[in-house]
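Work through the following exercises with the sequence and the model at hand, and compare each step with its solution.

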Amino acid sequence: KGIKYLEFTQTFESYGATYAQGLKEGQVTIYCSKMGKIYGALVVGNHSGELINELSLAMTWGIRMHKLAFRQGSFPTVDISLSLYRY
């Protein structure tokens, strides 16, 4: 359809929780508009379940990337971080 989108990818090895558990393989890739509307995501790895719920909720309720990136998550878990979203 010719929809322009941005793509952000972060590997799981940059998360403290995955590093501590030795489960560093995996990544999250988010596709969104220039204004942060999430079109879709690809989550692969052992900690995928921690991110899928967060992303599907954001997509359902229209929560944009900048709001998702600035929210505070518990530690140590894998969550969407500010370092993923650079605009």
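**Exercise 1.** Identify the residues of a nonpolar surface patch and place one of them in the chain.

Solution. Ile3, Tyr5 and Tyr39 form a nonpolar patch on the surface, with about 330 Å² of accessible area together; patch members have over 30% relative accessible area and no salt bridge (a Lys or Arg side-chain nitrogen within 4 Å of an Asp or Glu carboxyl oxygen), and nonpolar side chains are joined within 5 Å. Areas follow the Shrake-Rupley method with a 1.4 Å probe. This is a predicted model, in which local features need pLDDT of at least 70 and side-chain atom pairs pLDDT 80 or more, while totals for chains, interfaces and linings use all residues. Residues are numbered from 1 along each chain, and side-chain values use heavy atoms, without hydrogens or water. Tyr5 sits in the segment before strand E1 (6-11), strands being DSSP E runs of at least two residues and helices H or I runs of at least four.

**Exercise 2.** Classify the aromatic pairing.

Solution. The count is 1 aromatic pair, where ring centres must lie within 6.5 Å, and planes under 30 degrees apart are stacked, over 60 edge-to-face and the rest tilted. The ring centres of Tyr5 and Tyr31 are 5.7 Å apart with planes at 75°, so the pair is edge-to-face. Because Tyr5 lies in the segment before E1 and Tyr31 in strand E2 (residues 26-32), the pair ties together parts that are 26 residues apart in sequence.

**Exercise 3.** Is each partner buried or exposed?

Solution. Tyr5, at 47% relative accessible area, is partly exposed, and Tyr31, at 25%, is likewise partly exposed, since buried means under 20%, exposed over 50%, and partly exposed in between.

Key: Patches are made of residues with over 30% relative accessible area and no salt bridge: like charges are joined within 9 Å, nonpolar side chains (Val, Leu, Ile, Met, Phe, Trp, Tyr) within 5 Å. Rings of Phe, Tyr and Trp (its six-membered ring) pair if their centres lie within 6.5 Å; planes under 30 degrees apart count as stacked, over 60 as edge-to-face and the rest as tilted. Buried means under 20% relative accessible area, exposed over 50%, partly exposed in between (1.4 Å probe, protein chains only).
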